[in-house]
Amino acid sequence: MTRTTKARTLLNCMSCALLPLALAITGVAQAQDNGEVEVLNWWTSGSEAKALGALKDDLAEKGIGWKNMPVAGGAGTNAMAVLRSRITSGNPPTAAQVLGYDARDWAERDALATLDDVATSEQWNDVFPAAIQDFAKHDGHWIAAPFEIHSTNWVWANKSMMDELGIEQPTSWDEFIASLKKAKEAGYTGLAYGGQPWQDTTVFENVVLATGGADFYRQALIDLDPQALDSDTMVETFDNLRELLKYKDDNSPGRDWNLATAMVINGKALYQIMGDWAKGEFLNANLEPGKDFMCFRTPGTQDAVTFNSDLMIMFETDDGQQQAMQKTMAQIIGSPDFQIAFSQIKGSVPARTGLSADKLDACAQRGYEQVKAAADNDTLMGSLAHGYAAPASVKNAVFDIISSFVNSDMPSDVAAEQLAAAVQSATS
Ligand code: BGC
């Protein structure tokens, strides 16, 4: 019997008429007995929703129900607006997915429960890297459970198109541009591009790193040094970005990131520059790295990793049952098995150090080592577009400038000047 026939038989079955009622009663009973968590998140693509399902399933095993509160929109821009209004109206969810500076911000406003009990019993101080602890702890207290580490300096490539066009994996910016040119000349779109502010800046931060190197990235986007922001190197960065944009298609404005990923998956485009959540979509389509698609660090950025990490923050509550469920959820998220299982679907690498990478795909195995090496060499740096380099006010100011540059003929020197001015006014 196929699944559809089975479902139909079940629906037609007279003696099953009461089944929905029975299921509803069981559902209510379960919610009353063991409680339910409401979790705000922006994981709405196929792979993202599937990865979140791993948490839902683990909670269900402990008898905890799940109320999903998804807010579509990459990088959480829309989700953060909804979260703010839930909190200001005095109705926070049980927990929410956030990125670095947003976690800090809610901690500073005393909105968060501390997770110190769980962190102590699970020895989080010893297993999460310092770069993550910087954001998951506030004033010495754990205020978030890290799901994983993502990084933004990746290129995702269509392997058969590379083979067809005789393209070898590029290792320098010039080779990268030359390969995009080849694709364009053969009638393909070179760069699968989603024209949304957070995606524009995700690509921009890759170009900053490829053009100026790790020290320059840090000075400009983390230290927010005005001289670096309005420097010759920044002008060169904008020149390189302008060159890169020649290889996107005309329908890019407004396109969601996963639709851009689908262009690479479906052989419409050669590359996408995107964080490794894009790999989740390839894996979800049953594609294999090295065979069906290629992953490599954006040429010119091989020695550094620009990272972000999704954090689960829990909101302070007087309800003892909610508190207990928050602890259970934090414990699950930080556990070794979950860290592996989640990253296998999500495309990320575990945030925990020291796990065996055997069960991860080939890109993630390399990625996990690269994160460790970058942490050791001090080239593990927060992503600006994904909330780990500067507070939201600065991030949003940068989004505006970069997107105006992408969507106009703004000259590079004007862009660099405006960037420095926008950052200055966001920080003063
Ligand atoms: C998050 C990822 C998410 C991506 C696209 C990033 O900021 O860290 O988990 O998949 O945005 O929405």
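A polar contact is a pair of N or O atoms within 3.5 Å. With that cut-off in mind, the tour of this predicted model begins at the ligand.

**The ligand and its shell.** Select the ligand together with the residues around it: there are 14, and Glu-48, Asn-308, Asp-310, Lys-346 and His-386 come nearest. Colouring this shell by class shows six nonpolar, five polar and three charged residues.

**Polar contacts.** Next, display the side chain of Lys-346, where a polar atom lies 2.8 Å from an oxygen atom of the ligand. Proceed to Asp-310, which places a polar side-chain atom 2.6 Å from a ligand oxygen. Then select Trp-43, whose side chain has an N or O atom 2.9 Å from an oxygen atom of the ligand. With these side chains shown, add a surface: the ligand taken alone exposes 310 Å², and the protein buries 100% of that area. If cavities are now computed, the largest one is the space taken by the ligand.

**The disulfide.** Leave the ligand and select the cysteines. How many disulfides does a search of the whole structure find? The search returns one, formed by Cys-295 and Cys-363 with their sulfur atoms 2.2 Å apart. Extend the selection to residues 293–297, strand E11, which holds Cys-295, and to residues 362–377, helix H18, which holds Cys-363; the pair therefore ties together parts 68 residues apart in sequence. Finally, query the torsion about the S-S bond of Cys-295 and Cys-363: its value is about -105°, so the disulfide is left-handed.

Methods:
Residues are numbered from 1 along each chain as its sequence is written. This is a predicted model: local features need pLDDT of at least 70, side-chain atom pairs count only at pLDDT 80 or more; totals for chains, interfaces and linings use all residues. Side-chain values use heavy atoms; hydrogens and water are left out. A residue is near a molecule or strand if one of its heavy atoms lies within 4 Å of it. A polar contact is a pair of N or O atoms within 3.5 Å; within protein, one must be able to donate a hydrogen and the other to accept it, and residues adjacent in sequence count only if both atoms are side-chain atoms. Accessible areas come from the Shrake-Rupley method with a 1.4 Å probe; for residues, only the protein chains shown count as cover. On a 1 Å grid over the protein atoms alone, a cavity is a set of points where a 1.4 Å probe fits but cannot get out, and a pocket is an open set with protein on both sides within 12 Å along at least five of seven lines; lining residues have an atom within 4 Å of a point. A molecule sits in a cavity or pocket if more than half of its atoms lie within 2 Å of its grid points. Ala, Val, Leu, Ile, Met, Phe, Trp, Tyr, Cys and Pro count as nonpolar, Asp, Glu, Lys and Arg as charged, and the others, Gly among them, as polar. A disulfide is a pair of cysteine sulfur atoms within 2.5 Å. Helices (H or I, at least four residues) and strands (E, at least two) are DSSP runs, numbered from the N terminus.
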